[in-house]
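Subject: Structure for your review

Dear colleague,

I am handing over the structure we discussed, and I would be glad if you could look it over with the notes below beside you.

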Amino acid sequence: MNVESLRFRIAGFVAAIALLLGACSGERVSPTERPANQIPIGVFAALTGPTATFGRATRDGATLAADEINATGGLLGRQVELYIEDNQGKTEEAPSVVSRLITRNRVVALIGENASSRSLAAAPVAQAAKVPMISPSSTNPAVTEKGDYIFRVCFLDSYQGEALAKFVREKLGLTRIAILSDVKNDYSVGLADFFTRAFTREGGTVVANQSYSEGDSDFKSQLTAIRAAGPEAVFIPGYYTEAGSIAVQARDLGISVPLIGGDGWGSPLLLEIGGKSVEGAYYGEHYFVREERPAVQQFVKKFRERFDTDPDAVNALSYDAMMMLAEAIRRGGSVEGPVIRDHLASIKDFEGVSGVITMGADRNPIKPVVIVKVENGRIIFADRISP
């Protein structure tokens, strides 16, 4: 375990202990003491910082869903009230904001976080309080292993890693690949590991394995080593912020092979940062905006009317998270944490925007991975893969 990972675990442990002490001293009130006319739901995300587009997308998707729910009468005769906290993209802030949402705002459930590192830090606090938490896009398998009150709407890194490896080997027919991952990011490290296992199991070879750290801007030394290894593609399991810059520098160094990414690439800023350098790149996604399924097209229409732009995958996932919470509360007829938890765990064939969702073992959804491609400056559908 590295020092940074230990620090984040300690922060989560301290916040959880503080929450329990507050509950024992009477600081946390019972559900009956919440405002009688509202059901408070907490949203915690990075509204500022390097991955702020993810956080804002979570806020907007959940807000659209909550407004729709309220416009049709709310839940259990009450209105949904969202309490939104900015963790500034800092892992050490996630436990604190979740603790505030639970103790101060008395939320009955939580939506967040996007980044696996921040979900891993916050989950112990939610688990200790028995407040269901559902992450829109934290794909690291360890997130839901934090406890039986922790859920996700997105697929896992293990699931996505196998799907991407299958796509590269079977659909693209490639056998030699290089990997460039972010060593400070649980999501990136995990996805790289699962991809590698699946790819090599299917007869592929990782010819180079390089790393960087979030916030880096110069990747030339790593890319020079990758170029020397002669890969047929480069897998970059990080976020759009670095992926776009890596693509530019890779092309500047003469690396012309396809670039492959995970769902962390799913932001409009990828094309702004990477420009022509991301042409021909493939990456995993949770939904495709032009899919003809009615649930998708209805959502896209409502989102465009509200925000005057196309919704991205995180918008869709956070919308689904809010709608799944609403479904669990309706089914259970209660805002008690254990009841919401039980009904979230039993969701089956839920018609979500990001796919038809069945909650599987360990509170992870069962649904396919969408593969998209950058072509002529646009994102197009490439494939749909089930590992």
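What follows concerns salt bridges and the packing of one pair of helices.

Please keep in mind throughout that this is a predicted model.

A search of the whole structure finds 18 salt bridges, and I describe three of them here. In one of these, the side chains of R118 and E113 come together with 2.8 Å from N to O, and both R118 and E113 are buried.

A second salt bridge pairs E351 with R293, whose closest N and O atoms are 2.7 Å apart. Because E351 lies in strand β11 (residues 350-352), while R293 belongs to the loop between β10 (282-285) and α10 (294-307), this pair ties together parts that are 58 residues apart in sequence. As for accessibility, E351 counts as partly exposed, with a relative accessibility of 44%, whereas R293 has a relative accessible area of 17% and is buried, since the cut-off for buried is under 20%.

A third salt bridge joins the side chains of R304 and D310, with an N to O distance of 2.4 Å. Here R304 counts as partly exposed at 39% relative accessibility, and D310, with a relative accessible area of 38%, is likewise partly exposed. Turning from single pairs to shared partners, salt bridges join E291, R293, E351 and R384 into one network, and the pair of E351 and R293 described above is a salt bridge between two of the residues named there.

The helix pair is α3 (residues 94-103) and α4 (residues 116-129), whose axes come within 8 Å and cross at roughly 30°. Because angles under 35 degrees count as roughly parallel, α3 is described as roughly parallel to α4, and the crossing in which α3 passes α4 is right-handed. On the side of α3 the contact is made by A94, P95, V98, S99 and I102, and on the side of α4 by R118, A121, A122, V125, A126 and A129. These contact residues divide into 9 nonpolar, 1 polar and 1 charged.

R118 links the two topics, in that R118 is one of the α4 residues in the contact with α3 and also forms the salt bridge with E113. When you go through the model, you might therefore look at R118 together with E113, both of which are buried.

With best wishes

Terms used. Residues numbered from 1 in each chain as written. Predicted model: local features only at pLDDT ≥ 70, side-chain atom pairs only at ≥ 80, totals over all residues. Heavy atoms only, no water. Salt bridge = Lys/Arg side-chain N within 4 Å of Asp/Glu carboxyl O. Buried < 20%, exposed > 50% of the residue type's maximum accessible area, 1.4 Å probe, protein only. Helix = DSSP H or I, 4+ residues; strand = E, 2+ residues; numbered from the N terminus. Axes fitted to C-alpha atoms, helices over the stretch in contact; angles between N-to-C directions. Parallel < 35°, antiparallel > 145°, perpendicular 65-115°, else oblique. Left-handed = near helix turned anticlockwise from the far one by under 90°. Contact = heavy atoms within 4.5 Å. Nonpolar A, V, L, I, M, F, W, Y, C, P; charged D, E, K, R; others polar.
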